[in-house]
Number of protein chains: 2
Amino acid sequence: MPTLSDIADDVGVSTMTVSRALADKPGVASDTRHRVLESAKRLGYTVNLEGRAPVKEQTQKIGVLVNNVGSEYSGEIIDGISNILDVANYDIVIFNPFKMRRSPNEYVVEVCQYAIDGLLIAAANRLQPQSVEYLEQAIRQHFPVVFIDQRVAGSTVPYVTAQNRQGAYDATRYLIQLGHRRIGFILGPHTESPSGERLDGYRDALAQNGIAQDDQLVKNGDFTRQGGYAAALLLLSMDEPPTAIFASNDPMAFGVYKAVQQSGKRIPEDISVIGFDDIALSADIHPPLTTVRQPLREMGRVGAQMLLDMLRARDEPPVAVMELRTSLILRDSCAPLR
Amino acid sequence: MPTLSDIADDVGVSTMTVSRALADKPGVASDTRHRVLESAKRLGYTVNLEGRAPVKEQTQKIGVLVNNVGSEYSGEIIDGISNILDVANYDIVIFNPFKMRRSPNEYVVEVCQYAIDGLLIAAANRLQPQSVEYLEQAIRQHFPVVFIDQRVAGSTVPYVTAQNRQGAYDATRYLIQLGHRRIGFILGPHTESPSGERLDGYRDALAQNGIAQDDQLVKNGDFTRQGGYAAALLLLSMDEPPTAIFASNDPMAFGVYKAVQQSGKRIPEDISVIGFDDIALSADIHPPLTTVRQPLREMGRVGAQMLLDMLRARDEPPVAVMELRTSLILRDSCAPLR
DNA sequence: TTGTATGCGTTATCAC
DNA sequence: GTGATAACGCATACAA
């Protein structure tokens with residue numbers, strides 16, 4: 001690709017004059033400027049940002065690490081991030097490490113080396129201590145990092161998350177109020193912090209209402225439809241199956257829908273289903289899903305704003321934690337126990 | 001962030017020795033190497049890729065431009081791209097321009113300036129002629145670009161796409177074979193090339209079976225659930241509503257489901273629905289969606305492979321066009337006309 | 001208005 | 001085994 005000096009040679013001026021002309025800076029004769037622009041167009045010149053970055057020491061780009069770009073979950077978070085960063089004149093570069101060759105841990109380091117001014121890490125499952133340590137060091141060196149929807153115990157990396165425990169408590173209590181006593185629970189992966197928090201909320205509600213814990217009713221899942229489907233099959237085939245199922249995220253609830261519908265039962269008449277997320281699809285499927293809304297867009301926005309604050313006030317200690325409220329969205333997938 | 005010379009000062013050697021030691025290259029005393037590595041670790045050093053890129057002139061990164069990171073459609077294409085690029089030792093950087101501040105056209109130029117060795121453009125709707133022209137120039141300057149699922153008339157940019165017309169023809173003929181005569185069609189955005197091709201296939205099938213075109217039955221859509229829902233409401237409220245609806249992608253078919261279910265009608269007993277894509281969700285919703293499968297992962301793989309070929313054989317003319325076959329996936333959303 | 005010198009962080013080359 | 005020098009593409013500071 002052509003460079004500044006190619007144009008300089010072409011026009012017969014110095015690279016500096018070319019640089020000024022292209023950057024639309026004052027101090028270039030309008031005749032010279034025209035000749036430069038014409039030459040640049042003819043040669044097909046575009047800046048090489050790699051050359052500019054080391055000089056300017058900022059790229060106006062923020063990296064975003066997600067683990068599944070094809071999910072509405074990620075899409076909504078990224079949307080929220082865009083909202084804020086657009087206004088602040090930052091671009092977004094998305095890295096999708098968890099489907100990639102490298103281990104997530106190496107990848108975190110690599111991403112930080114990239115031409116970005118800061119990093120947002122969404123749903124950073126499987127992050128090992130050494131990676132977290134590396135991130136903390138990066139922050140000390142004024143490279144801002146923020147976790148979104150991920151709490152890392154004992155770490156100083158700032159994060160924004162939802163009130164998972166409270167949300168799960170609310171959902172479970174709602175089912176109990178409808179008369180349900182045998183409530184199945186489908187876990188998320190144990191590597192993600194919200195999973196355990198939601199389980200805690202579920203248990204809180206059972207305990208507070210004098211319902212004995214039955215570990216048979218808690219099945220492993222992985223936050224995917226397939227995982228929810230598999231777990232639901234297990235629950236439905238129990239000797240004494242649950243009358244309600246709490247899937248700890250919405251995609252797993254869709255998997256539950258599939259299993260229930262295949263079994264010939266109806267939602268909510270025969271079995272109540274409740275989810276967690278409130279992604280857009282949840283309102284559109286049939287029957288519309290009752291779920292715990294966590295403000296994914298808002299989490300993206302808040303995370304981005306925290307990052308910008310760290311970027312602007314380099315020496316002040318960053319806001320460490322933001323917990324956003326959840327709310328129970330009542331739709332048509334739950335009914336009183338018959 | 002610390003640099004090579006910080007370590008050099010710390011250890012008391014030259015930057016060159018540090019560079020060699022960190023790159024694991026021969027010609028460094030093992031004692032020196034150890035001291036360098038120790039210092040690097042202590043200081044929290046990581047390479048600055050922006051400094052390396054201008055020297056090496058390649059970054060082992062490929063850019064991917066998509067317009068909706070939250071869709072299964074994009075997710076599956078990106079997945080296919082990963083499959084190929086992982087093996088070839090390239091990383092993927094995803095740009096999500098169409099939700100961003102800049103116009104897509106400026107953005108295309110900007111992305112090319114970024115630290116990437118090539119660019120895959122998926123579903124590049126709204127690309128104006130000047131952008132396409134820019135991309136063609138970039139290709140001439142050995143910066144490889146490939147379109148995925150996008151055909152640009154009169155352009156020399158290589159692309160991979162599906163046989164949209166044939167696929168839509170097959171779907172429509174299937175409905176006709178089931179006895180349907182009034183078949184609604186929901187368009188994609190006119191800015192995307194597959195939209196028109198699918199409409200053509202639909203019309204081909206009607207014409208070949210002696211069914212008169214009724215433009216009332218063709219409604220605008222935008223490849224989103226909401227768009228499909230709105231279009232379906234229009235179709236269902238017609239004086240003589242269609243007995244089958246062909247949504248030209250799967251998300252719009254889900255929108256049709258919602259409208260039909262709200263109207264109290266049943267799929268497929270009262271109305272048949274057929275989609276186009278075969279994203280994973282289509283098999284999981286109720287009833288499972290009959291749809292035209294286009295191999296999205298395969299399109300990602302093929303596009304990535306075309307890019308690698310261009311990268312490797314810089315002077316040979318690239319493969320211009322790849323068209324992948326579609327296939328009709330029969331599930332439970334279509335039934336014979338009663 | 002234009003050009004020169006210098007530097008960013010890294011690596012290749014060629015000395016020693 | 002190690003280091004000085006130059007180079008990548010660009011921009012800042014200063015000189016002409």
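## DNA strand D surface and the chain A sheet

In this predicted model, Ile186(A) has Lys219(A) of β7(A) as its bridge partner. Strand β6 of chain A, residues 183-186, is joined to β7(A) by two bridges, and the two strands run parallel.

Helix α10 of chain A, spanning residues 225-236, packs on the sheet and touches β6, β7 and β8 (244-247) of chain A. The direction of α10(A) makes about 150° with that of β6(A). Helix α11 of chain A, residues 250-262, also packs on the sheet, where it touches β6, β8, β9 (272-277) and β10 (290-293) of chain A. The angle between the direction of α11(A) and that of β9(A) is about 155°.

The sheet as a whole is open and consists of six strands of chain A with mixed pairing, in the order β7-β6-β8-β9-β10-β12. Strands β7 (218-219) and β12 (327-329) of chain A occupy the edges; each has a single partner strand, so one side of each is left without a neighbour in the sheet.

The surface near DNA strand D draws on both chains A and B. Helices α2 (15-22) and α4 (49-56) of chain A, together with α2 (15-22) and α4 (49-56) of chain B, each supply at least two residues of this surface. The largest share, five residues, comes from α4(A). By class, the surface near DNA strand D has 12 nonpolar, eight polar and five charged residues. Of the 25 residues around the strand, those that come nearest are Met16(A), Arg52(A), Thr17(B), Ala29(B) and Thr32(B).

On the DNA side, 64% of the atoms of strand D within 4 Å of the protein belong to sugar or phosphate, and the rest belong to bases. Side chains from both protein chains approach phosphate oxygens of strand D, as tabulated below.

| Residue | Side-chain atom | Distance to a phosphate oxygen of DNA strand D |
|---|---|---|
| Ser19(A) | polar atom | 2.9 Å |
| Lys25(A) | polar atom | 3.1 Å |
| Thr17(B) | N or O atom | 2.6 Å |

Thr17(B) thus appears both among the residues that come nearest to DNA strand D and in a side-chain approach to one of its phosphate oxygens.

Met16(B) is placed in helix α2 of chain B. Its relative accessibility is 42%, and Met16(B) therefore counts as partly exposed, since that class lies between the limits of 20% and 50%. Tyr45(B) is 29 residues from Met16(B) along the chain, and the C-alpha atoms of the two residues are separated by 15 Å.

How values were computed
Residues numbered from 1 in each chain as written. Chains lettered and ligands numbered in written order. Predicted model: local features only at pLDDT ≥ 70, side-chain atom pairs only at ≥ 80, totals over all residues. Heavy atoms only, no water. Near = heavy atom within 4 Å. Polar contact = N/O pair within 3.5 Å; in protein donor to acceptor, adjacent residues only side chain to side chain. Helix = DSSP H or I, 4+ residues; strand = E, 2+ residues; numbered from the N terminus. Nonpolar A, V, L, I, M, F, W, Y, C, P; charged D, E, K, R; others polar. Buried < 20%, exposed > 50% of the residue type's maximum accessible area, 1.4 Å probe, protein only. Pairing = 2+ DSSP bridges. Contact = heavy atoms within 4.5 Å. Axes fitted to C-alpha atoms, helices over the stretch in contact; angles between N-to-C directions.
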